[in-house]
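Before reading the questions below, please look over the sequence and the model, and keep both at hand while you follow the answers.

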Amino acid sequence: MIDFRNVPSPCFLLDERLLDANLAKIDRVRAATGAEIIVALKACAMWRIFPELARHSDGATASSAAEARLVFEEYGRPAHTYAPVYTDADFDEIVRCSDHITFNSVAQYERFGARARRAGISCGLRINPQYSPVETDLYNPCVAGSRLGVTAGLLPELPEGIEGLHFHVLCESRPHHLRRALEAVEEHFGFCLDRIAWLNMGGGHLMTHADYDCDELIALLRDFHARHPHLRLILEPGSAFTWRTGYLVSTVEDIVENGGIRTAMLDVSFACHMPDCLEMPYKPAIVGAHDPAEGERRWRMGGNSCLAGDYCGDWAFDHEPRVGDRIVFEDMIHYTMVKTTMFNGVTHPSIAIARRDGGVEVVRRFGYEDFRDRMS
């Protein structure tokens, strides 16, 4: 049991024991299916845990030259790289740090593909199978008019030199969603499947969620591979690796009441440190809190930036919050640290790891220089 009073505030805290449980589930799927499962850095680029992730994955995927370099230098192997657009300024670095590169359009492949192939890189094309279970348009890659991937109508034939196809249509999804996605791929792009060497099924496979049926996923992948035995099957989940593996630790610094609304003012910001709470939006779980029942005292959590909407709520607490209390947000490792900003110059949370032996190691602290050096 972590004593959060001994953790600096504010701080992102990853628990190694929770990570171990996720990696065991991922290893089971890898062993049972032969599919390659690679880590998507866009969800968690915490390179301190790369050595651990590397032992329980088949590589990592990057979405930019910087991520590709981080994979190459800290993960210890070339990246599978996909970005919506490449430029002359970054492509040489991407080639240096990658062994697979997926292109978002035929035009991008025609512009850069020869350079990649001369370097011995396996080239792929992102496709849009025109199916996605994602209901929020902001996160739906198959929304009408999407800029992501090539639809079948724009691909009468597979360009010469393309060795793989890549689709990414899921988000925190279940096996039956993948089944429908694969059916759409076979329907629209079946003419390509016997001409490629690998199929990348993208991310969104939340196989470490408590309600996810890994047996169904295993059966689905085995069945698909039986129909297409020559294909290397690749999945690149992001959230699954670090799902529910850690926290954002904060402190109540003031209590404000206005118009009958009580707000605990924290030393963290939803806008700066938990932006998906405002973008998605969603309300995260807090240790020792629950959704308020009728008649229970309600509390908002207020962020420390000047944005008027930098708050979230409501919660009821087992013990009424007081100034100095720790407020610990759950499931704050994936898609949190990678999306933080230094708006207002607010104090950036430290990064720490709760080790298996019960100790806590602070592996990164941020200060004024980090804010200053991002500016001009």
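**Strands, helices and cores**

Q: How many bridges join strand β9 to β10?
A: Strand β9 covers residues 198-200 and runs parallel to β10, where strands are DSSP runs of E of at least two residues and helices are runs of H or I of at least four, numbered from the N terminus. The model is predicted, so local features need pLDDT of at least 70 and side-chain atom pairs count only at pLDDT 80 or more, while totals for chains, interfaces and linings use all residues. Residues are numbered from 1 along each chain as its sequence is written, and side-chain values use heavy atoms, with hydrogens and water left out. Two strands pair if DSSP finds at least two bridges between them, and the number joining β9 to β10 is three.

Q: Which residue of β10 stands opposite Leu199, and which helix lies on the chain's way from β9 to β10?
A: In β10, the residue opposite Leu199 is Leu233. The chain crosses from β9 to β10 in a right-handed β-α-β crossover (with the strands pointing away from the viewer, the path from the first strand over the helix to the second runs clockwise), and the helix it passes through, residues 214-227, is α7.

Q: Which strands are the edges of the open sheet?
A: The sheet has nine strands with parallel pairing, in the order β2-β10-β9-β8-β7-β6-β5-β4-β3. Each edge strand pairs on one side only, and these strands are β2 (36-37) and β3 (39-40).

Q: What angle does the direction of helix α3 make with that of β4?
A: Helix α3, residues 65-75, packs on the sheet and touches β3, β4, β5 and β6, contact being heavy atoms within 4.5 Å. Axes are lines fitted to C-alpha atoms, for helices over the stretch in contact, and angles between N-to-C directions run from 0 to 180 degrees. For α3 and β4 the value is about 150°.

Q: Which residues of α3 are buried?
A: Buried means under 20% relative accessible area, exposed over 50% and partly exposed in between, with a 1.4 Å probe and protein chains only. The cover over the buried residues of α3 includes β3, α2, β4, β5, α4 and β6. The residues themselves are Ala65, Glu67, Ala68, Val71 and Tyr75.

Q: Which helix gives the largest share of the largest nonpolar core?
A: A nonpolar core is a set of buried Ala, Val, Leu, Ile, Met, Phe, Trp, Tyr and Cys residues joined through side-chain atoms within 4.5 Å. The largest one has 97 residues, and Met201 is among those that touch the most other members. Its largest share, eight residues, comes from helix α6.
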